[in-house]
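Biologist: Please walk me through this structure slowly, since I am still new to reading such things.

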Amino acid sequence: MKLDKHPEAKALIFDLDGTLSDSLPVHIATWHKVCEHYNCHFDESMVEELTGMPTIQFAYRIIKDNQLEGVDAEEMVRMKQETFWDSVHQLRPHEKVVQLVHDYHGKIPLAVGTGASRKSAELQLKTLNIFDKFDAIVTADDVNEHKPEPQTFLRCAELVNISPALCHVYEDGILGMQAAKTAGMFLTDVRPYLEN
């Protein structure tokens, strides 16, 4: 089964975590490490539910689920991000999705639309050696409304100057897929292509 674009698509927009980057094992290990520090439990089932949301939403959820009194969510996020940045060398690409980037680079505009912070996104893309392949990168730092709202993907379309109706989104997260549909874009759920 070959991953490709819709024949009418004039721009491709990629989610990052779990789509271009096989980063979920690293994120999960990082959250376990952070929760060890706070002497609390990280429920891995929230990953599927919250994938695409900014890291702060995970922190709020962990604090609520574990009834952590007086824990600062921002401080938890800072620790999570720094731990993740230290582990970035463990990242692996999702080869079939990254191959699509190589196939269409220089032919049509390519963008990344992610719920990750700017620093996390750039570090991951550089680690995967594809940072310079994208015409636009929209992160959690660049929008007010995160997935499942369509703002991330609509901003990508705006930056590459292509109508949303002619953009093709590649996603692994439920929230991101909702965002792409709301934006009126072509959508591919990459999960069936990730099983090697």
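Modeller: Before we start, a helix here is a DSSP run of H or I with at least four residues, and helices are numbered from the N terminus. Please also keep in mind that this is a predicted model.

Biologist: OK, which residue comes after helix 3, and what is its phi like?

Modeller: Gln-67 follows helix 3, and its phi is positive, near 50 degrees.

Biologist: And which residues of helix 3 are buried?

Modeller: The buried ones are Thr-55, Ile-56, Phe-58, Ala-59, Ile-62 and Ile-63. They lie on the same side of helix 3, because the arc they cover around the axis is only 155 degrees.

Biologist: What do those buried residues pack against?

Modeller: Their packing partners are helix 1, helix 2 (45-50) and helix 4.

Biologist: Switching topic, how many cavities of 30 Å³ or more are there?

Modeller: The count comes to one, with a volume of about 290 Å³. Its lining is made of 21 residues, and those nearest the centre are Asp-17, His-27, Met-53, Thr-55 and Phe-58. Two or more lining residues come from each of helix 1 (24-37), helix 3 (55-65), helix 4 (73-86) and helix 6 (118-127).

Biologist: How does that lining divide into nonpolar, polar and charged?

Modeller: Eight of the lining residues are nonpolar, 10 are polar and three are charged.

Biologist: Last one: where is His-94, and is it buried or exposed?

Modeller: His-94 sits in the loop between helix 4 and helix 5 (95-104), and it counts as buried because its relative accessible area is 12%, where buried means under 20%. Leaving aside residues up to four places away in sequence, His-94 touches Gly-18, Thr-19, Leu-20, Ser-21, Asp-22 and Leu-194.

Technical notes:
Residues are numbered from 1 along each chain as its sequence is written. This is a predicted model: local features need pLDDT of at least 70, side-chain atom pairs count only at pLDDT 80 or more; totals for chains, interfaces and linings use all residues. Side-chain values use heavy atoms; hydrogens and water are left out. On a 1 Å grid over the protein atoms alone, a cavity is a set of points where a 1.4 Å probe fits but cannot get out, and a pocket is an open set with protein on both sides within 12 Å along at least five of seven lines; lining residues have an atom within 4 Å of a point. Grid points are joined across faces, edges and corners, and a volume is the space filled by probe spheres set on the points. Ala, Val, Leu, Ile, Met, Phe, Trp, Tyr, Cys and Pro count as nonpolar, Asp, Glu, Lys and Arg as charged, and the others, Gly among them, as polar. Buried means under 20% relative accessible area, exposed over 50%, partly exposed in between (1.4 Å probe, protein chains only). The arc is that of the directions from the helix axis to the C-beta atoms. Contact means heavy atoms within 4.5 Å.
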